[in-house]
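Visitor: Please choose one part of this model and look at it closely with me. I should like to follow it step by step.

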Amino acid sequence: MEWNPGFPLSIDAKCHRDLPRDIQFDSEKGVDFVLNYSKAMENLFINRFMHMFQSSWSDFADFEKIFVKISNTISERVMNHWQEDLMFGYQFLNGCNPVLIRRCTELPEKLPVTTEMVDCSLERQLSLEQEVQQGNIFIVDFELLDGIDANKTDPCTLQFLAAPICLLYKNLANKIVPIAIQLSQIPGDENPIFLPSDAKYDWLLAKIWVRSSDFHVHQTITHLLRTHLVSEVFGIAMYRQLPAVHPIFKLLVAHVRFTIAINTKAREQLICEYGLFDKANATGGGGHVQMVQRAMQDLTYTSLCFPEAIKARGMDSTEDIPYYFYRDDGLLVWEAIKKFTAEVVGIYYESDQVVMEDQELQDFVKDVYVYGMRGRKASGFPKSIKSREKLSEYLTVVIFTASAQHAAVNFGQLFLGMYPEEHFIEKPVKEAMARFRKDLEAIVSVIAERNKNKKLPYYYLSPDRIPNSVAI
């Protein structure tokens, strides 16, 4: 069914109990969902603070009330340093939404920032244009939020959305820091460019608006659309087109486990009318729906291919941008998954011809394109697969999106490479799975070693913290 116009098609079910029995949460998992949700609300005192989400805050100490129940290395360091420019820049690289920052190759006309304005932030005695040419300027543009309706569900609470453009600079220590912020898309006297040289709280509030916009894009697009809804598309196509004895079904089933169920719960409780989004988010009340409708235009197959997505944003050079751990760890996991899928494909498909002749596989791929991506040619999703190499890449996209990408933007639990329900019985595949687990263990060691002496470790893409699917 179409939950809202322009969305990827989702399961035709209004609530969890409408689902086919074999894709519902099993009783234990269902209870977990309800208990964990209630427990999270209780632990974070969310219910007690709900009024704070629907009224203006007057004191930065209010943030500390929210954080009081979240205690770990990262949250404590962020709590102590969130006002600093270094932390602000770092979060675009390794925070929960590390997918928006891109290298700026040309200053946009809609952001009329000059060398004179940012001169005190530049450390190389170069003009702003020269810094751009040398690859030291980065940009995050929240154009997607321009014109999105702010939440009006509570007539007593005025809510607002910005569509900022944030310019960032790689300093001599190779750290990324913000140097200019414009809070809406059209320049003018009513839309000034805020700078680090401005009054302390002017600059801080500008950064808070950017972080707020980042939150909305993260929750609705990076997390909901680009992991949960996309994984549901793959899951529905798999159940519709591949029999349970098919090797590709056996390979993918662990990675779509409970995905349809958790998304149905989300449509039932979180993103529905009067759900949690409406109560707590400035994009609630329909704005989040408009955002997904717009973002569908940028949802392409290539953008789900991790190495290509990193490259497209000009963020692929480890020498130029050394502290982008999301990229470094993500590439290691992507390559491990791709090596594993290539092995499995090689076991079952002895030639490209066999791939082309597998009608059930071709129907699966076509189902994703026609129904999930609504037959949009611009999506770049293949209608068919003609080679073993392309099949391996396609399977890597499915597995990486459901496991690693979701973990990176949702914070990991475990475990990629662990298949509690054994579907494969063939010895070569079992051996391939063992090699896959060994590769993942090596990545865990690399990441652990890198994190050892870090004040702010990055472990969201460590395989021992990556769940197999978006729902586990």
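Guide: What follows is a close look at strand β3 and its surroundings.

This is a predicted model, in which local features need pLDDT of at least 70 and side-chain atom pairs count only at pLDDT 80 or more, while totals for chains, interfaces and linings use all residues. Residues are numbered from 1 along each chain as its sequence is written, and side-chain values use heavy atoms, with hydrogens and water left out.

The protein has 19 helices and five strands (DSSP runs numbered from the N terminus, helices being H or I of at least four residues and strands E of at least two). Of its 472 residues, 51% count as buried (buried is under 20% relative accessible area, exposed over 50%, partly exposed in between, with a 1.4 Å probe and protein chains only). Among contacts with a separation of 6 or more, 72% are between residues 24 or more positions apart (a contact is heavy atoms within 4.5 Å).

Strand β3 covers residues 165-170, and six of its six residues are buried, so the strand is largely enclosed by the rest of the structure. In a regular strand the side chains alternate between the two faces of the sheet. Accordingly, Ile165, Leu167 and Tyr169 point one way from β3, whereas Cys166, Leu168 and Lys170 point the other way, and all are buried.

Next come the strands beside β3. Strands of a sheet pair through backbone hydrogen bonds, either parallel or antiparallel. In this structure five strands form an open sheet in the order β1-β2-β3-β4-β5, with antiparallel pairing (two strands pair if DSSP finds at least two bridges between them). The strands β1 (102-103) and β5 (193-194) stand at the edges with a single partner strand each, so one side of each has no neighbour in the sheet.

On one side, strand β2 (residues 137-141) is joined to β3 by five bridges, and the two run antiparallel. Isoleucine 139 has leucine 167 of β3 as its bridge partner. Strand β4 (residues 176-182) is also antiparallel to β3, with six bridges between them. Leucine 167 has a bridge partner in β4 as well, namely alanine 180. Five residues lie between the strands in the hairpin of β3 and β4, where asparagine 174 takes a positive phi near 65 degrees. Most residues other than glycine have a negative phi, and most peptide bonds are trans. Continuing outward, β4 and β5 pair over two bridges in the antiparallel sense, and glutamine 182 stands opposite isoleucine 193 in β5.

Two helices lie across this part of the sheet. Helix α5 (residues 85-94) lies across β2, β3 and β4, and runs at about 95 degrees to β4 (axes are lines fitted to C-alpha atoms, for helices over the stretch in contact, and angles run from 0 to 180 degrees between N-to-C directions). Helix α8 (residues 200-241) lies across β3, β4 and β5, and its angle to β4 is also about 95 degrees. Helix α8 has a further role as a cover: together with α11 (276-280), it is among the elements over the buried residues of α12. In helix α12 (residues 287-295) those buried residues are Gly287, His288, Val289, Met291, Val292 and Ala295.

Some of these elements also border an open space. The second largest pocket holds about 1000 Å³ (a pocket is an open set of points on a 1 Å grid over the protein atoms alone, with protein on both sides within 12 Å along at least five of seven lines; a 1.4 Å probe is used, and lining residues have an atom within 4 Å of a point; grid points are joined across faces, edges and corners, and a volume is the space filled by probe spheres set on the points). Of the 35 residues in its lining, Val99, Leu100, Arg102, Asp298 and Arg313 are the closest to the centre. The elements that give two or more residues to this lining are β1, β2, α8, α12, α13 (301-304), α14 (306-312) and α18. Helix α14 gives the most, with five residues.

Finally, helix α18 (residues 388-410) contains serine 392. Serine 392 counts as buried, at 3% relative accessibility. Leaving aside residues up to four places away in sequence, serine 392 touches Lys338, Thr341, Ala342 and Val345.
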